[in-house]
There are 2 protein chains.
Amino acid sequence: MKEGQLGEIYHQYIDCLNRQDWAGLGTFVHDDAIHNGQRFGLAGYITMLERDFDEIPDLRFAAEFVLESPPFIGCRLKFDCTPKGRFLGLSVNGRRVRFSENVFYRFHDGKIAEVWSVIDKQAIEAQLRD
Amino acid sequence: MKEGQLGEIYHQYIDCLNRQDWAGLGTFVHDDAIHNGQRFGLAGYITMLERDFDEIPDLRFAAEFVLESPPFIGCRLKFDCTPKGRFLGLSVNGRRVRFSENVFYRFHDGKIAEVWSVIDKQAIEAQLRD
């Protein structure tokens with residue numbers, strides 16, 4: 001795979017998420033994808049994302065920076081959104097919150113095979129205390 | 001900087017942390033380093049680490065995998081330790097907890113200039129509920 005190719009695929013994946021193009025997600029995510037240790041597969045991955053967008057109607061994925069180190073991609077994602085009710089066990093209830101996610105992906109055959117994601121819950125807790 | 005060189009420096013940095021060699025940390029961390037948006041500088045960085053080791057006497061940094069994408073390094077760190085009292089606002093009180101940290105570093109002149117770190121607080125919360 002050429003230098004920059006994985007990064008290009010990754011940016012297309014982010015666009016796919018923001019379009020909520022679940023029919024197209026199989027272009028980017030393996031049938032047996034693992035997410036934070038759980039073997040979600042593509043179907044479970046879509047279920048997770050549909051729930052995310054249901055809980056956070058204005059959800060939008062934005063990459064602050066992307067690291068390309070084949071077969072890995074690393075990304076600092078930024079969110080600025082208003083979860084309707086509870087989110088990560090916190091009562092957000094329609095408040096606007098801004099937070100980051102540090103996430104790593106292992107690619108296989110040009111598709112996401114495994115994801116390790118950590119969301120900055122402490123940042124959200126701090127905003128809810130304000 | 002040659003391929004692999006930043007990764008090599010990073011592994012030496014991790015060894016330096018595990019030795020608690022604060023006198024040597026300036027080899028790896030810039031005088032004006034920024035950590036999660038705070039301009040800690042080298043002195044503040046050492047203060048943070050001393051506090052970490054005081055709160056978690058058996059703290060040990062272990063890299064699960066490292067991404068090298070100059071000037072960035074990304075790392076999935078794994079911890080298996082027993083915080084004495086409160087940790088991230090949680091009453092751990094000497095229980096053994098295992099958790100990960102997804103962290104990005106921007107290097108400048110071969111030293112860490114900025115850090116974006118997110119610890120998997122949800123994983124710790126889940127273990128405390130068990």
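**Close-up views of a predicted two-chain model**

**View 1. A proline in a loop of chain A.** A:Pro71 sits in the loop that links strand E2 (62-69) to strand E3 (72-81) of chain A. Everything shown here and in the other views comes from a predicted model. What kind of peptide bond joins A:Pro70 and A:Pro71? It's a cis peptide bond, with omega at about 5°.

**View 2. The matching loop in chain B.** Over in chain B, look for B:Pro71 in the loop between strand E2 (62-69) and strand E3 (72-81). B:Pro70 and B:Pro71 are joined by a cis peptide bond too, and omega is about 5°.

**View 3. A positive phi at A:Gln20.** This close-up stays in chain A, in the loop between helix H1 (5-18) and strand E1 (29-35), where A:Gln20 has its place. Phi of A:Gln20 is near 55°, which is a positive value in a residue other than glycine.

**View 4. How the two chains are related.** Give chain A a turn of 180° and a shift of 0.0 Å along the axis, and it can be laid on chain B with an RMSD of 0.0 Å. That's the relation of a two-fold axis. Of the interface residues of chain A, 100% are also interface residues in chain B, so the copies meet through the same surface.

**View 5. The contact between chain A and chain B.** How many residues does each chain bring to the contact? Chain A gives 22 residues and chain B gives 22 residues. The size of an interface is often given as the accessible area lost when the parts come together. Here, the area buried between chain A and chain B is about 2,000 Å², and carbon and sulfur atoms account for 66% of it. On the chain A side, the residues that lose the most area to chain B are A:Leu67, A:Phe104 and A:Val118, together making up 31% of what that side buries.

**View 6. Two helices crossing at the interface.** Two packed helices are described by the angle between their axes and the distance between the axes. For helix H3 (residues 121-129) of chain A and helix H3 (residues 121-129) of chain B, the axes come within 9 Å and cross at roughly 85°. H3(A) and H3(B) are therefore roughly perpendicular to each other. A:Lys121, A:Gln122 and A:Glu125 meet B:Lys121, B:Gln122 and B:Glu125 here. Sorted by class, this helix contact has no nonpolar, two polar and four charged residues.

**View 7. A salt bridge across the chains.** Zoom in on A:Glu125 and you'll find a salt bridge with B:Lys121, whose closest N and O atoms are 2.7 Å apart. The count between chain A and chain B is two salt bridges.

Methods: Residues numbered from 1 in each chain as written. Chains lettered and ligands numbered in written order. Predicted model: local features only at pLDDT ≥ 70, side-chain atom pairs only at ≥ 80, totals over all residues. Heavy atoms only, no water. Axes fitted to C-alpha atoms, helices over the stretch in contact; angles between N-to-C directions. Helix = DSSP H or I, 4+ residues; strand = E, 2+ residues; numbered from the N terminus. Parallel < 35°, antiparallel > 145°, perpendicular 65-115°, else oblique. Contact = heavy atoms within 4.5 Å. Nonpolar A, V, L, I, M, F, W, Y, C, P; charged D, E, K, R; others polar. Least-squares fit on C-alpha atoms with pLDDT ≥ 70 in both. Buried area = accessible area lost by both parts, 1.4 Å probe. Salt bridge = Lys/Arg side-chain N within 4 Å of Asp/Glu carboxyl O.
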